[in-house]
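Got your viewer open? Load the model, colour it by secondary structure, and we'll walk through it step by step.

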Amino acid sequence: MSDHPSLNLLETTLAAAKQDQRTLDEQRQSTTLLVDGMSFFDSIRHNDDRGSVTEIYDPRWGWHADPLVFSYMFTIRPGVVKGWGLHKLHEDRYFVISGEMELVLYDPRPESSTYGKVSKVYLSGNHPRLVNIPKFVWHADRNIGTSDLVAINFPTIQYDHANPDKYRLPIDTDLIPHDFGSAKGW
C-alpha cells in the first residue's frame, strides 16, 4: 500500500469491491440464465399520432406448440409478490401490459440442465414480449414498479375450478434459495 492517504483509500475500497459480471454476449443478447424449456417472443408496438397497437399472441408465430385455449388478466400491487407457485399439468405464458415484473424461477426438475438453479427475468409493459414458464418450475411474480402491474396469462390448459393445477410454497420458504427481503405476499 502507498503512504498517500487517498491511494490507501482507493486501494482499500477496490480490494473490497466486486467487479460486475457480463450481461450481454457478442451478439448483444442477454446472458441471463433461463430455465430449461423457457423462451421469449418479442412483440412489436406500433405507434402513431392516435396511440398504439401491440399484438399480444398469434398462433401463426409458431412460438409455442400448445394452442391458445384460455386467458385471463391479473394484477399485482407495488412491492407485492405472488408465489411461489408450480403447475404439474400446464405452462404459464405471460404478457405484461403495464408495470414492471421480476419473474423469479427455481428449477427442481432432476433431468433439467438448470436443475437447482434460480433464474430472474424482467418483464415490462415498455418491452412487449411473451414468456413461458415450463411445468414443474416454481415461480414467483414480483411487482418492482410504482404502480399496479397488469399482465395477461395464456396457460396451456383451461383452469379447472374443481381441481386447480396450482401448488404453493410461502415466499419465505427455506426450500428455495431466494430471498425477497421485506416484500410482502403469498
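What percentage of the 186 residues of the chain count as buried? The figure is 37%, where buried means under 20% relative accessible area, exposed over 50% and partly exposed in between, using a 1.4 Å probe and protein chains only. Before you click on, know that this is a predicted model, where local features need pLDDT of at least 70, side-chain atom pairs count only at pLDDT 80 or more, and totals for chains, interfaces and linings use all residues. Residues are numbered from 1 along each chain as its sequence is written, and side-chain values use heavy atoms, with hydrogens and water left out.

**Stop 1: the whole chain**

Show the cartoon and you'll find one helix and 13 strands. Helices (H or I, at least four residues) and strands (E, at least two) are DSSP runs, numbered from the N terminus. Follow the chain from its start: the helix comes before the strands in the pattern. Along its principal axes, the C-alpha trace spans about 70 × 50 × 35 Å.

Now think about contacts, meaning heavy atoms within 4.5 Å. Among contacts with a separation of 6 or more, 78% link residues 24 or more positions apart.

**Stop 2: the sheet**

Select strands E1, E9, E6, E11 and E4: they form an open sheet in that order, with antiparallel pairing. Two strands pair if DSSP finds at least two bridges between them. Look at the edges, E1 and E4 (72–76), each of which pairs on one side only. From one strand to the next, the twist averages 25°; axes here are lines fitted to C-alpha atoms, and angles run from 0 to 180 degrees between N-to-C directions.

**Stop 3: strand E9**

Next, select residues 129–133, which make up E9. How many of its five residues are buried? Five of the five are, so to speak, tucked under cover: the strand is mostly covered.

Turn on the side chains. In a regular strand, side chains alternate between the two faces of the sheet. Here Arg129, Val131 and Ile133 point one way, while Leu130 and Asn132 point the other way.

**Stop 4: E9's neighbours**

Add residues 40–42, strand E1, which pairs with E9 in the antiparallel sense over three bridges. Then add E6 (residues 92–98), which pairs with E9, also antiparallel, over four bridges.

Finish on Leu130: which residues are its bridge partners? Pick Phe41 and Phe95, and you have both on screen.
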